[in-house]
Amino acid sequence: MKIVHTIRSWLARRYDIGLVEEFVDEQAHKPLPPHVGFWHTFGTLSAYLFVNQVVTGILLMIYYRPTTDTAFESIRFIITKAHFGWLIRGLHAWGSTMMILCVLVHMCRTYFMGAYKKPRELTWVLGVLSLGCTVTFGFTGYLLPWNQLSYWATTVGTEITGVIPWVGQYFMTLLRGGDGVTGETLSRFYVMHVVVLPWVLTGLIAVHLFLMRVQGLATMERVGEEKPIDKSRGIPFFPNHIVKEGVIFCLMLAMLVTLIVLWPVELGEKADPLKTPKGIKPEWYFLSTYQLLKFFPKTLGLFVSLIPGLLLVLWPFLDRSPERNPRKRPIAVAIGVFALALALIFGALGYFSEREITFSGRTYDFDAYAVPHRIEPGKK
Ligand code: HEM
């Protein structure tokens with residue numbers, strides 16, 4: 001590491017870098033609680049994936065043109081003609097899916113390990129806001145290729161806001177920039193996606209990480225009984241934990257490239273406002289909400305779908321038990337498992353609904369509630 005030493009001495013001869021060095025040294029060698037391991041890498045992985053989104057997003061912006069006449073064609077140009085365009089677009093599209101997945105796994109980890117309890121309630125609330133921001137990234141980005149699926153999914157998605165009593169119509173017009181989904185909507189979503197959301201999420205993550213660093217990672221001890229982690233019982237952040245995170249990051253990159261090569265994200269057909277395609281579906285992370293909405297009248301459905309988000313924000317203030325160890329908080333663990341199972345079941349129902357699927361030679365038509373109806377051969 002001669003080069004690091006040379007740069008350090010060059011700087012030290014010119015600036016008083018003692019304070020910075022002390023800070024970096026303290027942060028790098030901060031011992032982490034002894035239970036910190038694989039599951040604790042998903043927070044950093046989410047942050048890495050956010051960096052991936054920013055870098056690949058900037059590269060895509062070189063050729064992407066956000067108008068109804070050029071958006072679809074510019075993405076086609078990127079994936080067919082621009083050098084490594086297919087790879088950059090793949091990293092961005094698959095990266096968004098992976099980022100949402102990692103943020104969700106990270107949230108489940110902090111939930112089941114009781115890390116949201118006092119004094120880390122605010123870290124949790126900022127996390128929920130980051131999750132909201134991340135899925136809004138997904139929602140606004142989905143429209144940008146201006147293909148049939150994205151156009152119609154956005155039409156249905158923005159329509160939902162119209163049912164909010166009194167302000168719904170105003171809110172929907174504000175989102176769309178008019179009555180329907182048009183070039184105005186594309187401009188608004190583009191600005192949200194490339195300017196507003198990146199800065200908001202950067203700010204949220206920065207404060208989230210600052211709080212996490214200042215308070216340290218939660219131990220498994222009861223609330224109020226946490227003892228400071230000294231070097232004898234803790235795991236060094238550097239090199240132990242950082243190396244683990246590096247290895248997981250490399251595995252994630254390998255997985256991303258494999259996914260891009262084996263399952264490239266389709267561009268589909270260009271948006272046609274006059275031709276409604278069959279089976280318009282939102283992205284996978286909205287499937288459970290999409291299915292849930294079918295079981296209620298419109299306005300009631302909207303309010304019901306807001307309940308999980310509200311419960312998530314308030315959870316650290318509702319769960320007052322001092323235990324963090326999952327074995328000692330069976331009710332909170334059961335609630336978490338139940339909520340996860342519900343989300344998965346509704347998501348699967350949303351996926352299968354309004355689809356025709358053939359199983360071992362028999363074709364079934366799944367209706368809006370995902371109930372299968374056999375189609376007799378020759379009766380289609
Ligand atoms: C873009 C989104 C996010 C990023 C980049 C991020 C990043 C991180 C990182 C690097 C850590 C420390 C290591 C770890 O525990 O994995 C952390 C801790 C934490 N995060 Fe997040 N996070 C995000 C979203 C969330 C969400 C959605 C929640 C929950 C709703 C959440 C709640 C927490 C909590 C409670 C801690 C403290 C953990 C402890 O003390 O053990 N975070 N976050």
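Let's start at Pro 119, which sits in the loop between helix 5 and helix 6. The peptide bond leading into Pro 119 from Lys 118 is cis, with omega near 10°. Keep in mind as you look around that this is a predicted model.

Now step back from the loop to the two helices on either side of it. Two packed helices are described by the angle between their axes and the distance between the axes. Helix 6 covers residues 121-143, and its axis comes within 10 Å of the axis of helix 5, crossing at roughly 160°. Angles over 145 degrees count as roughly antiparallel, and helix 5 and helix 6 are therefore roughly antiparallel to each other. Their crossing is left-handed. Who touches whom? On the helix 5 side you'll find Met 99, Ile 100, Val 103, Leu 104, Met 107, Thr 110 and Tyr 111, and they meet Trp 124, Leu 131, Thr 134 and Val 135 of helix 6. Sorted by class, this contact of helix 5 with helix 6 has nine nonpolar residues, two polar ones and no charged ones.

Helix 5 has another partner, so let's turn to helix 3. Helix 3 (residues 42-61) packs against helix 5 (residues 85-112) at an angle of about 155°, and the axes are 8 Å apart. Once again the angle tells you the direction: helix 3 and helix 5 are therefore roughly antiparallel to each other. Helix 3 passes helix 5 in a left-handed crossing. Among the residues making this contact are Phe 42, Leu 45, Leu 49 and Phe 50 of helix 3, along with Ile 88, Leu 91, Met 98 and His 106 of helix 5. What classes do the contact residues of helix 3 with helix 5 fall into? They divide into 13 nonpolar, ten polar and one charged.

Did you spot His 106 in that contact? Have a look at the iron atom of the ligand. Its protein donors are His 106 and His 208, each through NE2, lying 2.0 to 2.1 Å from the iron. Why is the arrangement around the iron called octahedral? The six donor atoms subtend angles of 86 to 179°, which makes it so. His 106 lies in helix 5 and His 208 in helix 9 (residues 183-215), so the pair ties together parts that are 102 residues apart in sequence.

Back to helix 6, which also packs against helix 12 (residues 298-318), at an angle of about 170° and with the axes 9 Å apart. That makes helix 6 roughly antiparallel to helix 12. Here Glu 121, Trp 124, Val 125 and Val 128 of helix 6 meet Leu 312, Val 313, Trp 315, Pro 316 and Phe 317 of helix 12. By class, that gives eight nonpolar residues, no polar ones and one charged. Trp 124 may ring a bell: it is also one of the helix 6 residues that meet helix 5.

Finally, two backbone details. The peptide bond from Phe 238 to Pro 239 is cis, with omega near 5°, and Pro 239 is found in helix 10 (residues 237-262). Further along the chain, Glu 354 has a phi near 50°, a positive value in a residue other than glycine. You'll find Glu 354 in the loop between helix 13 (330-352) and strand 3 (355-359).

Definitions and conventions:
Residues numbered from 1 in each chain as written. Predicted model: local features only at pLDDT ≥ 70, side-chain atom pairs only at ≥ 80, totals over all residues. Heavy atoms only, no water. Axes fitted to C-alpha atoms, helices over the stretch in contact; angles between N-to-C directions. Helix = DSSP H or I, 4+ residues; strand = E, 2+ residues; numbered from the N terminus. Parallel < 35°, antiparallel > 145°, perpendicular 65-115°, else oblique. Left-handed = near helix turned anticlockwise from the far one by under 90°. Contact = heavy atoms within 4.5 Å. Nonpolar A, V, L, I, M, F, W, Y, C, P; charged D, E, K, R; others polar. Donors = N, O, S within 2.8 Å, 3.2 Å for Na, K, Ca; no water. Tetrahedral: all angles 85-135°; square planar, octahedral: opposite > 155°, others 65-115°.
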